[in-house]
Amino acid sequence: MGSIAKNEVTEDSKRIIDICRDLVKRSGITNAEFYKKSGMRNNYWHVRLRYEAPLTTSDVEHIASTFGLTSLDIYTRALGSDAARAYAASERESRITDDLVEPRFEDLPPQELAASRDMNRNLEAETPDE
């Protein structure tokens, strides 16, 4: 049997609200512009700013898109510096790993394959460099 959501504002919820508040504050847009772009109503937003209710995942998504971000950007910022650094490191690691994978022979363009058809390749490889 399912349980009813408590709608409580946890410490993580407060951090997410704080990140969103900071985005609005730093952007320099007016409250009216923010409400229009995010689709939030004045009272709804201020209830969350007072930590009386948490932001929903949809709220975070709408706020993020208002500023050209994704909800993942906001959640990552809210996780704190250690977690954010770990996330960034894992992202860099996956990009580095992808960059290190060498292309397969059949994926090489024809101009790079020309050297493998050079009749003098073995002779040139044996010639010492002076």
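Select Asp12 to begin: with a relative accessible area of 46%, Asp12 is partly exposed. Keep in mind as you click around that this is a predicted model.

Now add Arg15 to your selection. Asp12 and Arg15 form a salt bridge, and their closest N and O atoms are 2.2 Å apart. Follow the backbone from one to the other: both sit in helix α1, three residues apart, which separates them by about one helical turn. Arg15 is partly exposed as well, at a relative accessible area of 37%.

**Next stop: Glu11 and Lys14**

Staying in helix α1, which covers residues 11-27, show the side chains of Glu11 and Lys14. What do you find where they meet? A salt bridge, at 3.6 Å from N to O. Here too the partners are three residues apart, so about one helical turn lies between Glu11 and Lys14. Colour Lys14 by accessibility and you should see a partly exposed residue, with a relative accessible area of 26%.

**Further along the helix: Asp18 and Arg21**

Move along helix α1 and pick Asp18 together with Arg21. Their side chains meet in a salt bridge, 3.0 Å from N to O. How far apart in the helix are Arg21 and Asp18? They are three residues apart, about one turn of the helix. Are these two residues buried or partly exposed? Arg21 is partly exposed, with a relative accessible area of 29%, and Asp18 counts as partly exposed at 31%. To place those values, remember that buried means under 20% and exposed means over 50%, with partly exposed in between.

The pairs Asp12–Arg15, Glu11–Lys14 and Arg21–Asp18 are among the salt bridges of this model; a search of the whole structure finds five.

**Zoom out to the whole chain**

Deselect everything and switch to a cartoon view. How many helices and strands does the chain have? You should be able to count eight helices and zero strands. Trace the cartoon along the sequence and the pattern reads α-α-α-α-α-α-α-α.

Next, turn on a surface. The chain exposes about 10200 Å², and carbon and sulfur atoms supply 51% of that area. If you colour by burial instead, look for the buried residues, which make up 21% of the 130 residues in the chain.

For a last view, display contacts between residues at least 6 apart in sequence: 54% of these join residues at least 24 apart.

Definitions and conventions
Residues are numbered from 1 along each chain as its sequence is written. This is a predicted model: local features need pLDDT of at least 70, side-chain atom pairs count only at pLDDT 80 or more; totals for chains, interfaces and linings use all residues. Side-chain values use heavy atoms; hydrogens and water are left out. A salt bridge is a side-chain nitrogen of Lys or Arg within 4 Å of a carboxyl oxygen of Asp or Glu. Helices (H or I, at least four residues) and strands (E, at least two) are DSSP runs, numbered from the N terminus. Buried means under 20% relative accessible area, exposed over 50%, partly exposed in between (1.4 Å probe, protein chains only). Contact means heavy atoms within 4.5 Å. Accessible areas come from the Shrake-Rupley method with a 1.4 Å probe; for residues, only the protein chains shown count as cover.
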